[in-house]
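Visitor: Please take me through this model, feature by feature. Where do we begin?

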Amino acid sequence: MEKFSKGNTEDKISDSPAVETTDLDLRTLKDSELLPIEQAKEIISRYGIKIIFPSDVKRGERVAKSFLWMDEDAKPPVIPDKEKENCIRGIASEMIMYPEEFFRSNGINKFYIISSEIQGGFVDTISKRLYLSIENYRSIPLKVREGFTFHHELLHLLEIATPQGREFKKTWNLEFPRISTLKQIIFKILGKAVGDEFDKRKEKFWEIPSSEWKKKYLSNYSALNEKEDRAMTAGLLFVSPEYMMNTLAKNTSEIIKRKLSYAISLYYKLSPKMDAGFWADYAMGKVDANYWRTRRY
Ligand SMILES: [Zn+2]
């Protein structure tokens, strides 16, 4: 259990190839770092996206039921306007990382919000829908990991909804050593044993893996399976420019570097505007709400 604990001294003094990820939970997105509501709404509509709250779901429409409110006859839960507003501002503030036509050209036009006590989100692979929990957006400042959640879940969706994403999944699985079933079982058992403790401290997710795995995975959660590894690797690129720069600068693991460059090349395939120039601008903190409209090529 000790090896999963935060700030393990051994990790700090040894030559650690994985960047320290545990401080991510402490970082937040303050009100001033989020787009104002009117601008957020304008961007979401300009990008061709509709955010569907529980009360917007049409009667009889099939929506995911796992950890959800949705019961055929149940009335949708009421999400307070303030929380809806936080949600719209939070999502729009992440969407601006992508070019304006990104979602349209990749066939994505809706994000579903669920009323749940559980943080995070998931993608229903059958209906190809992305669900985010309102729990992520209850109050400002938003935790930085909720911004990350958006990009992580979006990658899951892109993998099933686009040919480029499906190709990415295939080549990734060929390129990187598969996580053995035994390791997955061990991870699950260990994860369960220490789960309560970490849930309390909300850090299991980000924790850097123990010695052997940290050459291969950016976080514990990445080691769960290939799918989560891909979504973590891609999603972590969008946490912050500083985080990305630190990850690239400090990480000496060739496998992790290759994984990051695979993820970067997927975004280029999904939108040629997300090229090296974009990542350089992002690293310098230049990507804001006006970026794609004013960018010079
Ligand atoms: Zn995931």
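Guide: With strand pairing. Two strands pair if DSSP finds at least two bridges between them. The strands themselves (E, at least two residues) and the helices (H or I, at least four) are DSSP runs, numbered from the N terminus. Here, E2 and E3 run parallel and are joined by three bridges. Before going on, two conventions. The model is predicted: local features need pLDDT of at least 70, side-chain atom pairs count only at pLDDT 80 or more, and totals for chains, interfaces and linings use all residues. Residue numbers start from 1 along each chain as its sequence is written.

Visitor: How many helices and strands are in the protein chain?

Guide: The chain has 12 helices and six strands. Of its 297 residues, 31% count as buried (20 or more other C-beta atoms within 10 Å of the residue's own; 12 or fewer is exposed, in between is partly exposed; C-beta atoms are placed from the backbone).

Visitor: What is the order of strands in the open sheet?

Guide: Strands of a sheet pair through backbone hydrogen bonds, either parallel or antiparallel. This open sheet has four strands in the order E2-E3-E5-E4, and its pairing is mixed. E2 (50–52) and E4 are the edge strands, each pairing on one side only. From one strand to the next, the twist averages 25 degrees.

Visitor: Which residues stand opposite each other across E2, E3 and E5?

Guide: Follow Tyr-112 in E3. Ile-52 stands opposite Tyr-112. Tyr-112 also has a bridge partner in E5, Tyr-131. E3 (residues 110–114) and E5 pair in the parallel sense over three bridges. Another partnership there links Ile-114 to Ser-133 of E5.

Visitor: Why is E3 described as largely enclosed?

Guide: Because four of its five residues are buried, E3 is largely enclosed by the rest of the structure.

Visitor: And how do E4 and E5 pair, parallel or antiparallel?

Guide: Antiparallel, through four bridges; E5 spans residues 129–133. Asp-124 stands opposite Arg-129 in E5. The two strands make a hairpin with four residues between them. Lys-128 lies in that loop. Its phi is positive, about 55 degrees, although Lys-128 is not a glycine. Lys-128 counts as partly exposed because it has 13 C-beta neighbours inside 10 Å.

Visitor: Which side chains of E4 are buried?

Guide: In a regular strand the side chains alternate between the two faces of the sheet. E4 (residues 121–124) shows such alternation. Gly-121 and Val-123 point to one face and are buried. Phe-122 and Asp-124 point to the other face and are not buried.

Visitor: On to helices. At what angle do H6 and H10 pack?

Guide: Axes are lines fitted to C-alpha atoms, for helices over the stretch in contact, and angles run from 0 to 180 degrees between N-to-C directions. H6 (residues 163–175) and H10 (residues 254–270) pack at about 160 degrees, with axes 10 Å apart. They are therefore roughly antiparallel (over 145 degrees; under 35 is roughly parallel, 65 to 115 roughly perpendicular, the rest oblique). Their crossing is right-handed (the near helix is turned clockwise from the far one by less than a right angle; anticlockwise is left-handed).

Visitor: Which residues of H6 and H10 meet?

Guide: Contact means C-beta atoms, placed from the backbone, within 7 Å. From H6 come Gln-164, Phe-168 and Trp-172; from H10, Tyr-262, Leu-266, Lys-269 and Leu-270. By class, this contact has five nonpolar, one polar and one charged residues (Ala, Val, Leu, Ile, Met, Phe, Trp, Tyr, Cys and Pro are nonpolar, Asp, Glu, Lys and Arg charged, the others, Gly among them, polar).

Visitor: How do H2 and H3 pack?

Guide: H2 (residues 37–46) and H3 (residues 81–95) pack at about 60 degrees, axes 9 Å apart. That makes H2 oblique to H3. The crossing is left-handed. Ile-37, Ala-40, Lys-41, Ile-43 and Ile-44 of H2 meet Glu-85, Ile-88, Arg-89, Ile-91, Ala-92 and Met-95 of H3. By class, that contact holds eight nonpolar, no polar and three charged residues.

Visitor: Which residues does Phe-102 touch?

Guide: Leu-270 and Ser-271, not counting residues up to four places away in sequence. Phe-102 sits in H4 (residues 102–105). Phe-102 and Ser-271 are 169 residues apart in sequence, yet 6.3 Å apart in space, C-alpha to C-alpha. Phe-102 counts as buried because it has 21 C-beta neighbours inside 10 Å.

Visitor: Last one. Where is the cis peptide bond?

Guide: Between Ile-140 and Pro-141, with omega about 5 degrees. Pro-141 lies in the loop between E5 and E6 (142–143).

Technical notes: Contact = placed C-beta atoms within 7 Å.
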